[in-house]
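Biologist: Can you walk me through how the two chains meet? Short answers are fine.

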Amino acid sequence: MHHFYTSSLIIIHLLLLLIFICGATAFISSQRPLIIRTCSHHHHTKLFMAGVSAITNDNIDIRILCLHGKGGNGQQFVNSALRPLRALLEKKRLMVDNQCNDNDGGFSFHWESLTAPYELDDGGGYSWWTMPPGVRSYNAQEVR
Amino acid sequence: MVMDKISNSDIVFGHSQGAILVASLLSIHDKLRDVTNNDSPIAYVLNGVAWPNPYRESLQSLSEQQSTQTNVKSPSILFIMGKEDNINPIESAMQVYDAFKDGNDVSIVEHARGHSVPIGNDDDSIRALEDISDWIMDIAKSKANKFES
């Protein structure tokens, strides 16, 4: 009799626990989905419980426009002259990204270039303006 | 087209003639000197710049213009200068720096080499590259944090 009573109590408690779990699950799933915070390379998300909106951020683009010097072209400038700087920036960016600080936004560098409009006579690339021979920017009276 | 591209950028990096072009455009276009206007870059990097003489009047009047402007937030400007630059000597770059220094967040990274963007091929160049990249990272973080908040 005693064993029957104890077993019944255990079963009732288990049933109550099961009902509670089912109820809690139903309540939570009726709210916005839980989003687990990740520190992935591509995005940061924040964990909020039911009743508060979840926020997902993609990396913010930092757009860098590169304007080359006389000779050469935009693509060459970005791919060659700026390569060491770009590599160092990417290394630093990844270090910041891996720290996954809630207060810091994630970002990515996006490099763009333009090529100047005037082709040089010697075929050595392009320039942004033309000047008479011997004239330099610092002594020119006008640009063409 | 150049102005359109500039307007859609966060940072403009000009080298030599490209830097002179940027300095000239900055001196004549008010909107490029006000980052509260969302159509303008927040920062400029000028490597191996020289004094753009055709724009001397607008450059020379910058200091006076900026002292009278209110509710304007100026962009950050980084000058990269090589002590051995014999294409656009450092003295010419300093003239441009002097035109912008009042009312702007202006910095200089000086290095021992010449006209090119530092590539990290000796200790001084590595140091310069670190300084330049740290400056750009600060700009990037400030934009990213602004979006986060």
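Modeller: Sure. This is a predicted model. Start with one pair: A:Ile64 stands opposite B:Ile11, which sits in strand 1 of chain B.

Biologist: Which way do those strands run, parallel or antiparallel?

Modeller: Parallel. Strand 3 of chain A, residues 60-67, is joined to strand 1 of chain B by four bridges.

Biologist: OK, zoom out. How many residues does each chain bring to the contact?

Modeller: Chain A brings 43 residues and chain B brings 44 residues.

Biologist: And what area gets buried between them?

Modeller: About 3,700 Å² between chain B and chain A. Carbon and sulfur atoms give 65% of that.

Biologist: New topic. How many salt bridges cross the interface?

Modeller: The rule finds four between chain B and chain A. One of them pairs B:Glu130 with A:Lys92.

Biologist: How far apart are the closest N and O atoms in that one?

Modeller: 2.7 Å, for B:Glu130 and A:Lys92. A salt bridge needs those atoms within 4 Å, so this pair qualifies.

Biologist: How many residue pairs are in polar contact?

Modeller: 15 between chain B and chain A, counting pairs with both residues at pLDDT 80 or more.

Biologist: Which elements of chain B give two or more residues to the side touching chain A?

Modeller: Helix 1 (2-7), strand 1 (11-15), helix 2 (17-28) and helix 6 (123-148).

Biologist: Which gives the most?

Modeller: Helix 6 of chain B, with 14 residues.

Biologist: And what classes of residue make up that side of chain B?

Modeller: 24 nonpolar, 12 polar and eight charged residues touch chain A.

Terms used:
Residues numbered from 1 in each chain as written. Chains lettered and ligands numbered in written order. Predicted model: local features only at pLDDT ≥ 70, side-chain atom pairs only at ≥ 80, totals over all residues. Heavy atoms only, no water. Contact = heavy atoms within 4.5 Å. Buried area = accessible area lost by both parts, 1.4 Å probe. Salt bridge = Lys/Arg side-chain N within 4 Å of Asp/Glu carboxyl O. Polar contact = N/O pair within 3.5 Å; in protein donor to acceptor, adjacent residues only side chain to side chain. Nonpolar A, V, L, I, M, F, W, Y, C, P; charged D, E, K, R; others polar. Pairing = 2+ DSSP bridges.
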